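Biologist: Could you walk me through this structure at an easy pace? I am still learning how to read one.

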Amino acid sequence: MAADLKEPGPSSPSSASRPTGRKPRVAVVFGGRSGEHTISCATAAGVLSAIDRDRYEVLPIGITLSGQWVLVDDDPAALALDDSRPPVEITADGLGRGELAVQLGSGALTALTPSGPDVLGGVDVVLPLLHGPYGEDGTIQGMLEMLGIRYVGCGVLASAAGMDKQVTKVLLSAAGIATAPHVVIEPHRWKRDRDAVLQACEELDYPLFVKPARAGSSLGITKVERREDLLAAIETARAVDPKVLVETGITGREVEVAVLGGRGDDAPRVAEPGEIVMDASHGAGEFYDYETKYLAHDAVQMVCPARLTAAERELVMSTAAEAFIAIGAEGLTRVDFFVTDDGRAVVNEVNTMPGFTPFSMYPYMWKTSGLDYPDLVGELIELALERPADVNR
């Protein structure tokens, strides 16, 4: 596979110019060290199936749960979610086929194979399809900045801020955007003054939602109806992240908005809003939890365009664009709302690397708005290729 790949040349990632005279090489990176490893692989399966091979040269790269980078066969079916087999996991001796080394400053990749080093050359842009910690939180973005490699999606600050639900709330509040009332439980505070923390939570209105502050895919989230269950819910969230958020439950319809844009002067583009409608008769939980999202088939219906009044539609779309700007986003985000009966739009989360399979809400909203999945992937790559590779941009 590697023999026909080109050595890094004048258009290597350290250059500020776009590649000329050849197809841009796109490294699709997935898996990762977080609890969303399998979901990331499913996202990669969709993107690898859709990316235009006439426009781009594709290099699939998996990251194992231990953090090892490995080459992976270009086989989307092997990465997709499938009820007939165990969850997909990238391993060095499984789907992976050669550990990777990166040359600092050039972005050049070398595969460390049993027969010896195999120089693959440079990449022009990385598509980091990583959800959760060590991927969606600014860590890989910072590494790529150091290497001078362009990448798809939000930068270091926006990625870190979007990953931390408390920091998201701080930035949105400063921009005048409504979020749910909440209490933050830091590890030292929980250890030293647990009674005061529980008392502060009691001042919120039940039901409460107890969440890890820095996790995705609804991992570790519990709905709490009474005080007796609060302590266990906090410990459940702490098992995922020692920093925990306790929020007042907002009664409203769950509406999501896809945002797309670069760093230029143009306003971000916003897709038609979508709505999550759950059906308990098909196994949906009390809220949009992990099992409902990924395991309960037919339990969730994605309605797009969402069934909103003209005023509600305008409100969520304009607020989503404001949230995109407030966290300093670029590339893509999905802004999740509760739309209340009295017409308020309360932001629940800002996702800087939302689910991105062909059946996920983010691409579905863009498809409804006239941008199909392959074109959306291409649009994101082109936005990344337009950005400067230098961190001091």
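Modeller: We can start with the whole chain, then turn to some annotated residues, a helix pair and a loop residue. Please keep in mind throughout that this is a predicted model.

Biologist: OK, how many helices and strands does the chain have?

Modeller: The secondary structure of the chain comes to 12 helices and 18 strands, and of its 393 residues, 54% are buried. If we take the contacts with a separation of 6 or more, 68% of them are between residues 24 or more positions apart.

Biologist: Which residues does the UniProt annotation "binding site" cover?

Modeller: According to the UniProt record, which is an unreviewed entry, that annotation covers Asp336 and Glu349. Asp336 has its place in strand E17, which runs over residues 331-339, while Glu349 lies in strand E18, made of residues 345-351.

Biologist: Is Asp336 buried or exposed, and why?

Modeller: Asp336 counts as buried because its relative accessibility is 8%, and buried here means under 20%.

Biologist: And what about Glu349, buried or exposed?

Modeller: Glu349 is also buried, since its relative accessible area is 17%.

Biologist: What does Asp336 touch?

Modeller: Setting aside residues up to four places away in sequence, Asp336 touches Val255, Glu256, Val346, Val347, Asn348, Glu349 and Asn351. In addition, the side chain of Asp336 makes a polar contact with the side chain of Arg334, at 2.8 Å.

Biologist: So which residues is Glu349 in contact with?

Modeller: Without its neighbours within four places in sequence, Glu349 is in contact with Lys165, Lys211, Arg334, Val335 and Asp336. Asp336, the other residue covered by the annotation, is therefore among the contacts of Glu349.

Biologist: New topic: at what angle do H1 and H12 pack?

Modeller: Helix H1, residues 37-50, and helix H12, residues 373-386, pack at an angle of about 95°, and their axes are 9 Å apart. That angle makes H1 roughly perpendicular to H12.

Biologist: Which residues make that contact?

Modeller: H1 contributes Thr43, Gly46, Val47 and Ala50, and H12 contributes Tyr373, Pro374 and Val377. Sorted by kind, the residues of this contact are 5 nonpolar and 2 polar, with no charged ones.

Biologist: Last one: where does Ser360 lie?

Modeller: Ser360 lies in the loop between E18 and helix H11, which covers 361-368. Ser360 is buried, with a relative accessible area of 14%, and, leaving aside neighbours within four places in sequence, Ser360 is in contact with Met302 and Gly355.

Note on methods:
Residues numbered from 1 in each chain as written. Predicted model: local features only at pLDDT ≥ 70, side-chain atom pairs only at ≥ 80, totals over all residues. Heavy atoms only, no water. UniProt positions renumbered as here; feature names shortened; annotations may be inferred. Helix = DSSP H or I, 4+ residues; strand = E, 2+ residues; numbered from the N terminus. Buried < 20%, exposed > 50% of the residue type's maximum accessible area, 1.4 Å probe, protein only. Contact = heavy atoms within 4.5 Å. Polar contact = N/O pair within 3.5 Å; in protein donor to acceptor, adjacent residues only side chain to side chain. Axes fitted to C-alpha atoms, helices over the stretch in contact; angles between N-to-C directions. Parallel < 35°, antiparallel > 145°, perpendicular 65-115°, else oblique. Nonpolar A, V, L, I, M, F, W, Y, C, P; charged D, E, K, R; others polar.
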